[in-house]
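Hi everyone, thanks for coming. I'll put the structure up on the screen first, and then we'll walk around it together.

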Amino acid sequence: MNRIELLAPAGSPEALDAAIGEGADAVYLGLRDFNARARAKNFAYRQFECAVDRLHAMKRKVYVTLNTIIEEHETSRLYNFLKYLSAVEPDGLIVQDMGVAAMANAYFPNLRLHCSTQMNVSSSEGVNFWSKQNFRRVVISRELDLQQIKEIRRNTSAQLEVFCHGALCVSLSGACLFSSYFGGKSANRGRCTQACRRLYASVANPANKKFFFSLNDLQLINYIPELEEAGINSLKIEGRMKSHQYIASVVRAYRTMIDEYPNDRDAAFQKAAAILRNDFARDKTEFLFMDRGNRNIISPEKSGQTGIALGSIQSVLADNAEVIITLAKNAELQPGDHLRIQAEDDSSRETYKVTNVENREITLRLTDGKPLPNEGDRVFLVSRQDFDKPYEKIIGADLEKYRHHPGITPVPQLLPIVPKSLLKLRDGIFVKIGKTADMYPLQTQKPDYLIFPVTSGNIDEFLSTISKTQFKPDDVIIYMEPYFDENACNFWSSAAQKLVDRGFNKFMANNYGQLNVLRRFSAERIAGPYLYVFNSFAAAFLAEQHVRNFVSPLENNKRNLYQVQEHIKNQNIIVPIFAYPELFQIISRLDNHFHEKFLKDVQTDYEFSVEYGKEKITVLPEIPFSITDKVNDLKKRGFKKFFVDLTGMKVSKSLYREILQYISESRHMEQTCRFNWKDGFYFDKADDK
């Protein structure tokens with residue numbers, strides 16, 4: 001049996017040295033372009049080429065992250081970036097955007113493609129879908145438990161990679177819109193502001209302030225034998241934003257466990273666990289791996305900040321260059337250590353270097369622009385000076401021979417094929433609802449299509465209710481939820497046929513595994529908003545899957561939508577014009593910890609509602625997205641299909657009629673926001689230089 005690969009993050013040259021020095025079999029890293037950790041140091045081109053050269057000589061592997069979505073105006077730059085990678089030949093390219101996959105497969109078939117966890121692949125149907133698209137490995141979803149992982153392994157021959165350690169996103173991977181909704185800093189573009197780590201207050205009881213959404217860190221070191229036995233090919237450590245000290249301790253611990261558990265599992269675990277006590281991270285959880293009802297997922301009373309908690313500041317004495325803080329107890333610090341100080345109200349988090357220690361009085365170096373700490377602020381130790389260890393430098397000082405820089409070559413046009421569509425959707429208004437009771441108000445003025453999210457928990461209720469309304473099967477689009485695990489596969493394998501037999505022949509897929517399932521049925525496949533068509537290459541990819549119609553992503557903006565429209569042929573874009581976007585889609589059972597209905601961000605005063613469903617928890621904004629006043633402009637540009645999402649609302653006849661009135665008159669709706677429609681993503685202007 002081949003030993004399992006230990007894959008470590010390398011967010012900087014120092015982290016690369018530490019990862020390899022402590023025994024990682026492979027590293028994953030980002031370059032300055034197109035990766036989901038834009039705030040990491042990342043690698044210059046010559047540094048990257050040197051790293052690939054050196055690591056290949058050492059029989060180690062290098063994987064490159066290209067795990068963001070790509071806008072249309074970036075496709076030329078993307079083409080040249082892929083051409084560059086094709087010349088350098090890393091061992092794998094970790095991808096999120098299906099447009100990247102389409103371009104790579106068409107022009108650079110030597111690139112070995114891996115599915116990013118951002119693709120939300122959580123079933124064997126999803127793995128097998130991407131296997132057919134030249135993907136060699138899939139990073140499967142972090143929401144899966146051991147039995148689900150084993151089931152996937154039994155039903156696919158592709159390489160499987162599993163996260164084993166590090167930070168967890170509270171939201172379903174690839175489905176978080178929070179950071180993007182409030183400022184355009186999209187998680188799908190590498191600019192996540194980690195809003196889930198903030199302090200929130202109950203609207204009903206403002207004194208109840210907690211870190212409701214800040215998950216503990218994943219730690220599966222005790223289950224390496226089970227993962228290896230299950231046939232997992234690679235264990236992945238999260239942490240491209242972490243220090244080289246963190247990387248060193250975590251890699252050392254997992255290397256110890258992998259190498260020593262065959263001789264004595266308990267002894268290996270005790271040794272590895274002792275090493276991990278110095279990882280300067282959050283409390284640990286097994287997440288859903290062994291127990292899907294696990295209550296040890298969050299520690300809402302604690303800050304979501306990484307580091308060893310040292311208490312709070314008792315007093316502050318400052319001058320121009322330094323500040324002296326006093327803690328309640330001696331923290332056994334020394335010069336060169338680094339502390340992170342978090343404001344009591346969670347409004348700021350800054351890191352300082354320790355320059356002197358006298359018992360409980362700690363002198364910190366101030367740098368320009370950093371605020372003074374205050375009494376009551378929380379203090380965390382994030383690195384120790386004496387923890388550093390000399391590692392062999394992977395990237396040398398002389399990089400003169402490395403010259404494979406991306407050139408400027410016009411991108412060939414990959415025209416979408418004309419999909420063999422069974423049906424042609426009518427033009428008009430497509431209205432999505434979340435509850436069967438909401439069907440009745442919509443009968444007063446029937447939309448051109450009703451969109452309904454069918455699940456294993458509501459399919460019988462849906463069929464019973466729809467038969468009592470004016471809606472015929474031909475008027476309905478069956479919406480499939482983004483999370484699609486093995487249980488959902490089993491359900492939809494029979495449910496899709498049941499629905500088709502009843503005359504329902506239109507399905508909106510939001511997961512690639514669903515496209516794989518729907519191939520077996522005579523039904524129209526529509527790409528939902530979570531398949532992220534941000535560029536014409538993604539549209540071309542869908543066309544090859546015989547998907548003729550797709551919903552423009554909720555994060556999309558006017559400029560990009562118009563540019564995509566210019567490049568595609570014989571495909572129909574359904575444009576969202578009103579919605580309460582699902583900011584978080586949470587699969588884990590956080591309702592074990594709290595039952596607050598309305599929460600407020602203590603920094604911004606933004607309010608949110610929390611919907612507790614049978615299969616997920618959904619966080620919705622107080623203020624909806626709306627571009628109802630742009631409908632006439634959109635029609636002039638040739639758009640004829642419009643998406644209205646009433647999920648999360650209490651739908652009444654009067655409210656529904658009012659929204660339709662705004663649409664028909666192309667009027668602005670008060671107390672709504674534009675999302676990214678006007679300004680686009682936060683950093684597009686800088687990227688256009």
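I'll go through a few strands, one serine, a pair of helices and a sheet.

One thing before we start: what we're looking at is a predicted model.

Okay, let's begin with strand S21, which covers residues 476-479. Which way do the side chains point? Val-476 and Ile-478 go one way, while Ile-477 and Tyr-479 go the other way. And all four of these residues are buried.

Now look at who sits beside S21. There's strand S20, residues 449-453, which pairs with S21 in the parallel sense over 4 bridges. If you want one spot to zoom in on, Phe-452 has Ile-478 in S21 as its bridge partner. To get from S20 to S21, the chain passes through helix H12, residues 459-466, and that β-α-β crossover is right-handed.

S21 also runs parallel to strand S22, residues 506-509, and 2 bridges join them. Here Ile-478 turns up again, this time opposite Phe-507 in S22. Helix H13, residues 486-501, completes a right-handed β-α-β unit together with S21 and S22.

Next, let's visit Ser-180, in helix H7, which spans residues 178-181. Is Ser-180 buried or exposed? It counts as buried, because its relative accessibility is 1% and the cut-off for buried is under 20%. What does the side chain of Ser-180 hold on to? It makes a polar contact with the side chain of Glu-555, at 2.7 Å. Leaving aside residues up to four places away in sequence, Ser-180 touches several others, including Lys-185, Phe-675 and Phe-681.

On to a pair of helices. In general, two packed helices are described by the angle between their axes and the distance between the axes. Take helix H4, residues 98-107, and helix H15, residues 536-544: their axes come within 7 Å and cross at roughly 80°. That makes H4 roughly perpendicular to H15. Where they meet, the H4 residues include Met-98, Ala-102 and Tyr-107, and among those on the H15 side are Phe-537 and Phe-541.

Last stop, a sheet. This one is open, has 6 strands with antiparallel pairing, and runs in the order S9-S8-S27-S28-S29-S26. Which strands are at the edges? Those are S9 (209-210) and S26 (584-586), and each pairs on one side only. Further in, strand S8, residues 200-202, pairs with strand S27, residues 598-601, in the antiparallel sense over 3 bridges. Within that pair, Ala-201 stands opposite Lys-600 in S27.

That's my tour, so over to you for questions.

Technical notes. Residues are numbered from 1 along each chain as its sequence is written. This is a predicted model: local features need pLDDT of at least 70, side-chain atom pairs count only at pLDDT 80 or more; totals for chains, interfaces and linings use all residues. Side-chain values use heavy atoms; hydrogens and water are left out. Buried means under 20% relative accessible area, exposed over 50%, partly exposed in between (1.4 Å probe, protein chains only). Helices (H or I, at least four residues) and strands (E, at least two) are DSSP runs, numbered from the N terminus. Two strands pair if DSSP finds at least two bridges between them. A crossover is right-handed if, with the strands pointing away from the viewer, the path from the first strand over the helix to the second runs clockwise. A polar contact is a pair of N or O atoms within 3.5 Å; within protein, one must be able to donate a hydrogen and the other to accept it, and residues adjacent in sequence count only if both atoms are side-chain atoms. Contact means heavy atoms within 4.5 Å. Axes are lines fitted to C-alpha atoms, for helices over the stretch in contact, and angles run from 0 to 180 degrees between N-to-C directions. Angles under 35 degrees count as roughly parallel, over 145 as roughly antiparallel, 65 to 115 as roughly perpendicular and the rest as oblique.
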